[in-house]
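Work through these short exercises with the structure open beside you. Try each task before you read its solution.

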Amino acid sequence: MTQDMTGSGTAQNWNGADSALWASLPVPAFVIDPEARIEDVNSAGEGFLNTSRKALLGKAIWQHVIIAPAIDEAVARARDNGTPLFVNDIDVGAPGRAPLQCNVQVARVQGVEGRMLILLSPRELAGRLTQNHSAKSAAQSAIGMAEMLAHEIKNPLAGITGAAQLLSMGLSGDDLELTDLIVSESRRIVKLLEQVEQFGNLSTPAFQEVNIHDVLDRARRSALLGFGAHMTIIEDYDPSLPMAWGDGDQLLQVVLNLLKNAAEAADPGGGTIRIRTFYEHSFRLRRSDGSGKLLPLQIEISDDGPGLPEAIRDDIFDPFVSGRENGTGLGLALVSKIIADHQGWISVNSEPGQTVFRLSLSRVPTAPRPVPIPNAPRQE
């Protein structure tokens with residue numbers, strides 16, 4: 001990389017190889033000047049900030065790359081000392097998006113005084129993928145247990161419920177209250193078993209083109225007519241979003257579950273749910289075998305409720321983990337399973353006053369172009 005220091009600004013002159021290398025970096029990368037202003041950003045960095053390179057050039061880096069706790073002083077010391085800086089497992093976000101846990105690497109640009117290179121390596125993707133796999137494995141174990149026990153449990157429960165109802169016909173007062181309790185608790189257990197069975201019997205996604213905004217609109221209207229009637233739901237959609245690749249009915253179930261969670265967590269007087277969609281062309285999920293899958297379609301569902309309890313925040317997608325009294329803990333486990341079956345990604349960032357669930361999905365795959373065969377014989 002060579003730089004031309006002429007004029008009022010700093011212009012970068014890349015040769016072909018440098019330019020291709022810079023554009024090919026799979027992680028967000030930034031070059032900053034001695035005043036911590038952005039001199040260049042690669043395509044992954046544009047995607048991370050959801051802002052174009054043109055709009056970022058010359059802007060203060062720490063107003064766009066938000067790191068907590070702040071590392072601006074450490075970066076300045078690294079520049080003065082000429083030493084690299086490595087910060088692991090730190091939250092990095094941007095205006096309007098939830099933070100990701102990242103490793104941050106900072107080093108001087110060789111041969112250019114005062115210029116620093118910043119690389120952001122998101123770690124949450126690998127952790128979330130492992131967590132999705134763990135949740136799916138745990139769910140399969142729970143399903144196996146449920147399938148084994150469901151028949152043995154449901155039959156006695158049906159007998160207990162029937163006997164309690166017969167007894168109630170000749171009772172009154174406290175005794176009647178006890179038989180009613182037996183009936184209601186038996187029905188609750190049956191309902192729980194049916195939910196677990198439904199969780200296990202979920203079919204493989206029927207992949208097809210899906211207009212994600214149609215799915216979101218159906219979920220929004222259903223919520224406002226039922227469990228979310230006390231909520232205000234705000235739509236913040238990117239109208240240019242391409243078609244998603246998935247099962248529309250299963251994705252509808254995902255969104256309904258997330259909206260229901262937000263509505264149930266809100267104050268009885270109501271609250272606000274925001275549904276946001278946007279495109280992030282550099283968002284890629286890397287699997288353990290080294291292969292990567294592009295997940296550019298982003299859906300964020302946020303609410304202004306009390307947030308997730310800290311004790312269960314890291315396990316919220318596991319079966320039977322719930323932050324509500326009498327909750328089954330299957331709703332978010334089902335959401336995680338569906339998204340995992342779609343080879344997508346789900347994350348949550350929660351604090352009092354704001355909880356954001358983010359779904360990342362793939363777009364409709366592009367059919368491979370036929371490769372021309374040189375000197376192929378022409379058919380008459």
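**Exercise 1. A helix pair**

Task: Classify D217 and R220 as buried or partly exposed, then place them in the chain and say how their side chains meet.

Solution. This is a predicted model, and every value below is computed from it.
- Step 1. Take D217. Its relative accessible area is 23%. Buried means under 20% and exposed means over 50%. D217 is therefore partly exposed.
- Step 2. Take R220. Its relative accessible area is 17%, so R220 is buried.
- Step 3. Place them. Both sit in helix α8, residues 212–225. They are three residues apart, which means that about one helical turn separates them.
- Step 4. Join them. The side chains of R220 and D217 form a salt bridge, at 2.7 Å from N to O.
- Step 5. Widen the view. D217 and R220 belong to a network of salt bridges together with R221 and E235.

**Exercise 2. Bridges between distant parts**

Task: Find how many salt bridges the whole structure has. Then describe the pair R53 and D40, and the pair E280 and R358.

Solution.
- Step 1. Count. A search of the whole structure gives 11 salt bridges.
- Step 2. Look at R53 and D40. Their side chains meet at 2.6 Å, N to O. R53 is in helix α3 (residues 53–56), and D40 is in strand β4 (residues 38–41). The two are 13 residues apart, and the pair links distant parts of the chain.
- Step 3. Check their cover. R53 has 33% relative accessibility, so it counts as partly exposed. D40 has 2%, so it is buried.
- Step 4. Look at E280 and R358. Their salt bridge spans 2.5 Å, N to O. E280 lies in the loop between β12 (271–279) and β13 (284–286), while R358 lies in strand β17 (residues 354–361). This pair too links distant parts of the chain, 78 residues apart.
- Step 5. Check their cover. E280 is buried at 3%. R358 is also buried, at 3%.

**Exercise 3. The surroundings of β17**

Task: Which strands pair with β17, and in what direction do they run?

Solution.
- Step 1. Start with cover. Seven of the eight residues of β17 are buried, so the strand is mostly covered by the cut-off of under 20%.
- Step 2. Find one partner. Strand β15 (residues 297–303) is joined to β17 by seven bridges, and the two run antiparallel. L297 faces L361 of β17.
- Step 3. Find another partner. Strand β16 (residues 345–351) also has seven bridges to β17, again antiparallel. Here V348 stands opposite F357.
- Step 4. Inspect the turn. β16 and β17 make a hairpin with two residues between them. In that turn, G353 has a positive phi of about 100 degrees.

**Exercise 4. The nonpolar cores**

Task: Describe the largest nonpolar core and find which element gives the most to it.

Solution.
- Step 1. Size it. The largest nonpolar core has 38 residues. L258, L259, I301 and I339 have the most contacts inside it.
- Step 2. Name the contributors. Elements that give two or more residues include α8, β10 (231–236), β12, β15, α10 (331–341), β16 and β17.
- Step 3. Pick the top one. α9 gives the most, with eight residues.
- Step 4. Zoom in on I339. Setting aside neighbours within four places in sequence, I339 touches L251, V254, G344, W345, I346, L359 and L361.
- Step 5. Look elsewhere. Another core lies apart from this one. That other core has 31 residues, among them V75, L100, C102 and I118.

**Exercise 5. Backbone exceptions**

Task: Describe the backbone at D89, at Q343 and at the bond from A68 to P69.

Solution.
- Step 1. Recall the rule. Most residues other than glycine have a negative phi, and most peptide bonds are trans.
- Step 2. Take D89. Its phi is positive, near 55 degrees, and it is not a glycine. D89 is in strand β6, residues 85–94. At 41% relative accessibility, it is partly exposed.
- Step 3. Take Q343. It is not a glycine either, yet its phi is positive, about 55 degrees. Q343 lies in the loop between α10 and β16. Its relative accessible area is 40%, so it is partly exposed.
- Step 4. Take the bond. From A68 to P69 the peptide bond is cis, with omega near 0 degrees. P69 is in the loop between β5 (66–68) and α5 (72–81).

Definitions and conventions
Residues numbered from 1 in each chain as written. Predicted model: local features only at pLDDT ≥ 70, side-chain atom pairs only at ≥ 80, totals over all residues. Heavy atoms only, no water. Salt bridge = Lys/Arg side-chain N within 4 Å of Asp/Glu carboxyl O. Helix = DSSP H or I, 4+ residues; strand = E, 2+ residues; numbered from the N terminus. Buried < 20%, exposed > 50% of the residue type's maximum accessible area, 1.4 Å probe, protein only. Pairing = 2+ DSSP bridges. Core = buried A, V, L, I, M, F, W, Y, C linked by side-chain atoms within 4.5 Å. Contact = heavy atoms within 4.5 Å.
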